[in-house]
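Open the model in your viewer and keep the selection panel at hand. This tour goes from one stop to the next.

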Number of protein chains: 4
Amino acid sequence: METKKLNIGLVGYGFMGRTHSNAYRSVRNFFDVPYEPVLKAVCARNPERAQAFANTWGYESIESDWRSLVKRADIDLIDIASPNDTHAEIAIAAADAGKMVLCEKPLGRTAAEAKAMVDAVEKAGVPNMVWYNYRRVPAVVLAKQLIDEGRLGRIFHYRAKFLQDWTISQDLPQGGEGLWRLDAGVAGSGVTGDLLAHCIDTALWLNGPIQRVTAMTETFIKERKHTLTGKVQKVGIDDASAFLARFGNGSLATFEATRYARGHKALYTLEINGENASILWDLEDLHRLQYFDHGDEGRLRGWRSIHITDSDHPYMKHWWVPGLQIGYEHTFIHQVADFLQGISEGQNPSPTFRDGLATDYVTDAVLKSARSGEWEGIEPEN
Amino acid sequence: METKKLNIGLVGYGFMGRTHSNAYRSVRNFFDVPYEPVLKAVCARNPERAQAFANTWGYESIESDWRSLVKRADIDLIDIASPNDTHAEIAIAAADAGKMVLCEKPLGRTAAEAKAMVDAVEKAGVPNMVWYNYRRVPAVVLAKQLIDEGRLGRIFHYRAKFLQDWTISQDLPQGGEGLWRLDAGVAGSGVTGDLLAHCIDTALWLNGPIQRVTAMTETFIKERKHTLTGKVQKVGIDDASAFLARFGNGSLATFEATRYARGHKALYTLEINGENASILWDLEDLHRLQYFDHGDEGRLRGWRSIHITDSDHPYMKHWWVPGLQIGYEHTFIHQVADFLQGISEGQNPSPTFRDGLATDYVTDAVLKSARSGEWEGIEPEN
Amino acid sequence: METKKLNIGLVGYGFMGRTHSNAYRSVRNFFDVPYEPVLKAVCARNPERAQAFANTWGYESIESDWRSLVKRADIDLIDIASPNDTHAEIAIAAADAGKMVLCEKPLGRTAAEAKAMVDAVEKAGVPNMVWYNYRRVPAVVLAKQLIDEGRLGRIFHYRAKFLQDWTISQDLPQGGEGLWRLDAGVAGSGVTGDLLAHCIDTALWLNGPIQRVTAMTETFIKERKHTLTGKVQKVGIDDASAFLARFGNGSLATFEATRYARGHKALYTLEINGENASILWDLEDLHRLQYFDHGDEGRLRGWRSIHITDSDHPYMKHWWVPGLQIGYEHTFIHQVADFLQGISEGQNPSPTFRDGLATDYVTDAVLKSARSGEWEGIEPEN
Amino acid sequence: METKKLNIGLVGYGFMGRTHSNAYRSVRNFFDVPYEPVLKAVCARNPERAQAFANTWGYESIESDWRSLVKRADIDLIDIASPNDTHAEIAIAAADAGKMVLCEKPLGRTAAEAKAMVDAVEKAGVPNMVWYNYRRVPAVVLAKQLIDEGRLGRIFHYRAKFLQDWTISQDLPQGGEGLWRLDAGVAGSGVTGDLLAHCIDTALWLNGPIQRVTAMTETFIKERKHTLTGKVQKVGIDDASAFLARFGNGSLATFEATRYARGHKALYTLEINGENASILWDLEDLHRLQYFDHGDEGRLRGWRSIHITDSDHPYMKHWWVPGLQIGYEHTFIHQVADFLQGISEGQNPSPTFRDGLATDYVTDAVLKSARSGEWEGIEPEN
């Protein structure tokens, strides 16, 4: 099979810029994909940082203005790994320029922004994807398989939470390098768009559409110094967010995210209780799936701790040998592998921009309910 | 110290009748308490069953009408372990007769019932207690100590759930022997008054009053055969119940209970996240407390799995040696020990009927919110 | 069914005297056994302590010389819960007097002592039993069932350890109240006869006879003050003991016990690896059995954590409801229940004195190998 | 800092060839090392496979005879990832040719082979290293730090096992592609040189030299079809191996490895019990370290489950953010990073060939003891 080159133009050089770059660089060492990603250019406002990043990862060139990047004829795909307030503008321009577009999550700061992005890529007919990487955790994919096979039966409960503790200190400033997630103007929201969005995306994928929600949010630390202005300013983001939900399939759900759960660094857990079986997964031990099968002989029923490292587990035949775990960044490699395979077959693997919009409709409803104190429905797109 | 006898009259012979009887019989083998409980009489409508129970546990006599029991001069304490719809009437009569009154939880089917019970015992000035036994799990008491010492600092989050799976089968009837918990008329509500009430009682004790809640409930199986009528009837109880809450101390909470969580038998978990430390406890491994202390040296911070069997752990010097765990029924023995010690000192240990009422105010608000779809406040008593 | 009384005469009032007394007192509250144990007399050299113990547990009388107890016509069963150096003399006298004899483990300080005890009870034809209580942990009994059903297939490995940490301090004296386990003259040996004996008894029961062993022992703290003499004396016991073994069924084993494993209070774990399945159990979470079944579908294989609280688990229908765990002392209640049921049917449930002797043959071989540095065979009785 | 190129010549293209290649390719994306590894050539007897491997990983050229590779002037470093029977000859030739030499473990099939290899690299004065990669697991490095800081105090116990289950089937042939580990002629031994060698290397590093051992080995399946001859032949390797050991520091140890422990894929666990603290680690959850500190307040002591993903954990500042785990292959990247940094500073990081020899002396003694049935000392080099 002849391999075609796919020229990547990356915007952003932070945490996500690293995970994406690693995925492009490594995918062909482990997956026999029909495209070869070429690290053509990285773009950042600060040219020195862009150059340092290019040196580390092997990008052939740098740009300091994303508009220049989007115009370059030698770029096939624009990958947006810059802060949330830049997503819509870049994505729309890239789509208009006929580029494939990959975008970090959340797609937009609001569903309105995301809707415009969906319209742009669909109008342009370009492949597009949102980096909800937890859909590519092997244990989560196995959960999806079990659900699709009907193993769980009628679903009664969905339960997800994403707990962190990194913003508890009053001394942490808002905004600036690495801290834009605390700046409401840039991020759009706090944990709702950051952590809950992950929980919602996975939930929509595994359990179908959400019908309505009732939510509460809280900002525990009301004022923080803003790095850019140097002043102590009101904090605009939600530090914690929780909601109850009803899914279209009749199941009940609780969702919660916070950056104030002392002792948890990135505890994203999800649990699904079905009539016949239940599953439970936890990001802090992402290589395991907990599974309870009521079909097991009565006295021998128990939660199975499945070590997801066998060759018959999703993606795992591409890695090492049974018992040897993979880590976080592998999810991005899997996503790139699926994307490259998909586009070679004329398909656009999920999560597409349209999938990302579905999540934004839910986060919009969550934030609206937290303000209104009412149950809120989800926009029809979902 | 001379020991006084305390004559017990028990109403009910089910699961709770057994745990209470065991507690009275065993307490003095492990605790040096100033009263000796005497199993004077057990009361049940069916005399044969009452007699069988009396034989097993050593009750000296039986009664088939609780009114007769309450009138007996040789009874000091009435212990109510019969279904929820009998609590108020018996408790009020017992108080009026000057008896001490212990009552299974929930105190009343509604706060109104519970309020009348509180009024009765307070007017009569008789010692009283509700069997919220999880306040006497050594691990939970240790959690309480840590909170009272200020170890956790400002509290951000409270998280509790009580998951069971025993009513998933459509074939299970409602009502009748051992199944009155599915009969709304008898039980008052489903999981809200049964399982959530436990979660709420512990939460009020550990984290202070709740201000308001938003809730949802669901009855997954709409009709079941009723054992007493023999007919398929509409199910009146809630099979699942979840709510968001705000506590008076500013913390946010999620609560959930269900009997449809496949794979969980009695998974009552509670977690509290404070600024400086977090704790987590789980009824299915009740002899452990998980504790995270942010004050530990950074690179060595981790959740400690504390095996609560040392002599410096609450209640444990009365039991065996380090490493050897106790079980479920010990919580009732602890409660009796505390009660007997307390009344000898003229005190009435918690949870009193007034404490039980506080929980009923919250369950009332939960059920009201589930109907109204609104945030509901909690009655001022709490 | 008419119930016969069975008059108990207990020797010793320490930790084990308590667990046995509790078992006699409680057994009929939970098990419908054909004998009613009557706490007739407790015997201890110190009459004040004996009386205090009798008051706590309800013994009708006390004795200060076990010879008097053995002679009493109103005693049916002599239960030996005194230090190891008293076992043989009392047991033999009791058997000669025609009493049933229960004895704490290890049966003798040496196999020679134990052999004389076996001869005595077998000659007298009296029911007899050794308190290897871990054979009555429901999870361990379930393991036994699985093995007997052939679920595991050919056994490759047996792995047991019993780890404690309570003697690490140099300041701990040897001998005296509660510390006779550190006095070689009284105890016979250190962890070999104390902790390893438990591991060996369970292993012989689950996995059949051991053929040969190679062992090492160590005394980490060479001198300790002796409480009785007041002098610093050489320590005679083994603080740690480990051995490799080959079983008659061809499996390989590692065994280890120590009182110097910081962080473990009573971590008795056993694991068996068979061709088709494996099991793993741990005393510090005794209400769980870990089970791996290779027959499960490949991608869904995992260790099942079975919460041993269902009514179809061994002994558990006698206790509470699913999800509610029992503790350590319940194993003694189970043993008494089985004993009473067995003798009513003319059977003598295991572990008999002969079973206890089998373990002593192994501990003798372990200690011999530790001295010789050679592989040592086990006496033919095993 | 100017970066020098370091030209790599790899021998072998199997599982280990992949992990090494990935390490060379990725190291500079995460670590700021002074050398740039260049994938110059891969060597394998089968040129087609060599070419396929070169294509996947980006090797510039292939060789089919390692002698040609060793002679090439454009190669700086020979990396030996071929079966055990090739290690000595290639390593010695490479050293004689003045190349740096990295070699997979075990260094030699016997200590005699390994000794010749040590002599060759030391005579040539070339940098050398053995791929005992578990020394670069962040959790294990943290354990090493704690030991070196004296946190554990006097060490009483070391306990290691490496359990797998992949060779239980009688149908598995010996020898041939991917199965040379079952061929005694190629591998040298079975689990002793394969799995136990890992346990021993880590132990020598963490706990110092071993003085003597007593061992047993077993071959459960006596005959298997040999892939190369097509005949059923006697199996020469040990399927399981266990030994007791005494370390120079006075601690006692148990070691065990097997490929017949149903349910375990790669369960390498190690535990160290010190007077003041204990540590426990497990390869199947390699991103966690269990730590018990007796210095913690008594009632709050417990095993801490430390999630090794914080920036103050070894190597972790180079990876992602707290809570996000790394996997197996990262240990090889760390080893390359340390090697490149070390040689730039004129040092040769451990484990050197001399360290690898120390392990071979122990495995030789283990195999000798298994044959002799005696305790065997370790050669003085250790």
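By what turn and what shift along the axis can chain C be laid on chain A? Select both chains of this predicted model. A turn of 180° with a shift of 0.0 Å along the axis lays chain C on chain A, at an RMSD of 0.0 Å. That is how a two-fold axis relates copies.

Next, pick C:Arg304. Its C-alpha is the one in chain C nearest the axis, at 2.0 Å. Now colour the contact residues of chain C. Of these, 100% recur in chain A, so the same surface serves both copies.

Move to chains A and B. Their contact draws 29 residues from chain A and 29 residues from chain B. On the chain A side, select the strands that give two or more residues each: S7 (155-163), S8 (210-218), S11 (240-247), S12 (252-258), S13 (267-274) and S14 (277-282). Colour this side of chain A by residue class: 14 are nonpolar, 10 polar and 5 charged.

Now go inside. The largest nonpolar core holds 266 residues. Which of its members touch the most others? Select C:Val42, C:Ala91 and C:Cys199, then D:Val42, D:Ala91 and D:Cys199.

Zoom in on C:Val42. Setting aside neighbours within four places in sequence, its contacts are C:Leu10, C:Tyr13, C:Ala50, C:Phe53, C:Ala54, C:Tyr59 and C:Ile62.

Last stop: a second, separate core of 264 residues. Select B:Cys43, B:Val118, B:Phe243 and B:Trp319, which are among its members.

Key. Residues are numbered from 1 along each chain as its sequence is written. Chains are lettered from A and ligands numbered from 1 in the order in which they are written. This is a predicted model: local features need pLDDT of at least 70, side-chain atom pairs count only at pLDDT 80 or more; totals for chains, interfaces and linings use all residues. Two residues are in contact if their C-beta atoms, placed from the backbone, lie within 7 Å. Helices (H or I, at least four residues) and strands (E, at least two) are DSSP runs, numbered from the N terminus. Ala, Val, Leu, Ile, Met, Phe, Trp, Tyr, Cys and Pro count as nonpolar, Asp, Glu, Lys and Arg as charged, and the others, Gly among them, as polar. A nonpolar core is a set of buried Ala, Val, Leu, Ile, Met, Phe, Trp, Tyr and Cys residues joined through C-beta atoms within 7 Å. A residue is buried if 20 or more other C-beta atoms lie within 10 Å of its own, exposed if 12 or fewer, and partly exposed in between; C-beta atoms are placed from the backbone. Copies are superposed by least squares on the C-alpha atoms of residues with pLDDT of at least 70 in both.
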